[in-house]
Amino acid sequence: MHPMVKPALRRGWRDLNTVQFGMTPAHALTLGPMDTATGSFLDLLNGTRGLDRLREEGRRMDLPDGHVDRLVVRLSRAGLLDDSRGGGPAADALREKREVLDRLRPDLASLTLTTSAPGDALGRLAARSGARVQVRGAGRVGSMLAALLSGAGVGEVDVRDIGRVETWDVAPGGLPPEAVGDRRDEAARRAVRRAAPDRPPRRTAQSPPEEGTPGFSLVIFAPRDDVAVHTPDPAGAEALTASGTPHLYAGVVEATGVVGPFVLPGETGCAGCLQQDRTDRDPTWPRMVAQWRSGQQRRVGACDLLLAATVAGLAGAHALAFLDGHVPSSAGARWEASLPGLHWHARPVGSHPGCPCGAADQETARTESEHHTSEHGRRHGTMAMHGPSKKVCRQADAERPAMTWRAHV
């Protein structure tokens, strides 16, 4: 291990004995009491020295025996340390691609703030290169979203759509003006390749997957049709639900941006659940949807450029959160914001008992299990919470400065 204090967090001394790492409430943390010698030793934790050399430096600075190891352990538990050589074989392979890693250094710095174990950040960044994501829709939202995911290090981003690029499909970061008249899917794939830090192999809609290629890690619906954004058709995701493939909905409808729901098949509410719930609350809903979907003359929808970019960014962030091992806040919810105010709010999308996706059955089973556990909790009280809490190093207390967490070193 080559310990390195996470450089993404700015450091400052609150007083002679207390160091603060970070500025924002989400990540700021104070360390104390901290003596002057230990504070100076922090500068040596820059990823260029292994533990043996750090121990030698500690002895040279007259630090007590074992102090360096205790400091490294406590800083690691507080989530303040990274390992400049950690992350596993995939991370080692990424380090060898110097230009690619340099492109992704801001993303890596961000990942260090959302991971705790040393080496995890680069490991997760490297894992993105093995992910396969498909974006269905290559309009303003879909093309930008696909390019963003590719630029963030996702190894394969496939785009599917029909028709040819229209003038109003053009968007900075998405389809360029010279793509007008080209096939949408091919133009979007070119945008994906341009955005990629490491140029992926060229693929077309007809390119068969290589033998042994895994399925998609995630499929994102970003339709150009505003009705499909507002009321997604459950039939479009039946195969994904059957195969257990996570999927996300995003788009713009009548100057309203929508992100969600993020569907974990069999666990969270899906498009079918959304449809069933709307019908329960409004019996005329199916009649309205049938009229909206009827064959009317094609028109250019209201899709503000900046709103499309906002939706693409938020949907991309939720997708990356999932690929990095988290459950995004759009799981079981639809985030919506309308112009001109852009006040984002979440509308719950619960599992519906009438939907064949099975999420309601899973929720019922979980509820019964939790109820059964609570009934027997008094007899098995000694089994609860053995050992330290996962959040012990960031536990708030009355003495911590405002807007920070406190850990003792």
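1. The crossing of helices α8 and α14 is right-handed. This is a predicted model, and the helix pair is a good place to enter it. The axes of α8 and α14 lie 8 Å apart, and the packing angle is about 45°. The two helices are therefore oblique to each other.

2. The residues at this crossing can be listed. From α8 come R140, V141, M144, L145, L148 and L149. They meet a set in α14 that includes L305, A308, A309, V311 and A312. Further along α14, G313, A315, G316, A319 and L320 also take part. Helix α14 itself covers residues 305–323.

3. Helix α8 has a second partner, α9. Their axes come within 8 Å and cross at roughly 25°. That makes α8 roughly parallel to α9, because angles under 35 degrees count as such. This crossing, too, is right-handed. On the α8 side the residues are A146, A147, S150 and G151. On the α9 side they are A191, V192 and A195.

4. Is the length of α9 what its residue count predicts, or not? Twelve residues, 184–195, should span 16 Å at 1.5 Å a residue. The end C-alpha atoms are 17 Å apart, which agrees.

5. Which residues of α9 are buried? They are R184, D185, A187, A188, R189, A191, V192 and A195. Charged side chains appear in that list as R184, D185 and R189. The cover over the buried residues includes α5 (98–103), α8 (140–151) and β7 (156–160). A191, V192 and A195, which are buried, are also the α9 residues that meet α8.

6. A250 sits in strand β9, residues 247–253. Its relative accessible area is 3%, so A250 is buried, the cut-off being under 20%. Outside its neighbours within four places in sequence, A250 is in contact with F221, A222, P223, V258, V259, V311 and A315. The C-alpha atoms of A250 and V311 are 7.0 Å apart, though 61 residues separate the two along the chain. V311 and A315 belong to the α14 set that meets α8.

7. Two cis peptide bonds deserve a check. One runs from G32 to P33, with omega near -5°. P33 lies in the loop between β4 (29–31) and α1 (36–41). Another joins L339 and P340, where omega is about 5°. P340 is in the loop between β11 (333–338) and β12 (345–348).

8. Positive phi values also merit a look. L342 has phi near 55° and is not a glycine. L342 lies in the loop between β11 and β12, the loop that also holds P340. At 32% relative accessibility, L342 counts as partly exposed. A255, again not a glycine, has a positive phi of about 60°. A255 is in the loop between β9 and β10 (256–263). With a relative accessible area of 21%, A255 is partly exposed, because the buried class ends at 20%.

9. Last, the overall figures. The protein has 15 helices and 13 strands. Of its 409 residues, 42% are buried. Among contacts with a separation of 6 or more, 64% join residues 24 or more positions apart. The accessible surface comes to about 21,700 Å², and carbon and sulfur atoms hold 53% of it.

Technical notes:
Residues are numbered from 1 along each chain as its sequence is written. This is a predicted model: local features need pLDDT of at least 70, side-chain atom pairs count only at pLDDT 80 or more; totals for chains, interfaces and linings use all residues. Side-chain values use heavy atoms; hydrogens and water are left out. Helices (H or I, at least four residues) and strands (E, at least two) are DSSP runs, numbered from the N terminus. Buried means under 20% relative accessible area, exposed over 50%, partly exposed in between (1.4 Å probe, protein chains only). Contact means heavy atoms within 4.5 Å. Accessible areas come from the Shrake-Rupley method with a 1.4 Å probe; for residues, only the protein chains shown count as cover. The expected span of a helix is 1.5 Å times one less than its number of residues. Axes are lines fitted to C-alpha atoms, for helices over the stretch in contact, and angles run from 0 to 180 degrees between N-to-C directions. Angles under 35 degrees count as roughly parallel, over 145 as roughly antiparallel, 65 to 115 as roughly perpendicular and the rest as oblique. A crossing is left-handed if the near helix is turned anticlockwise from the far one by less than a right angle, and right-handed if clockwise.
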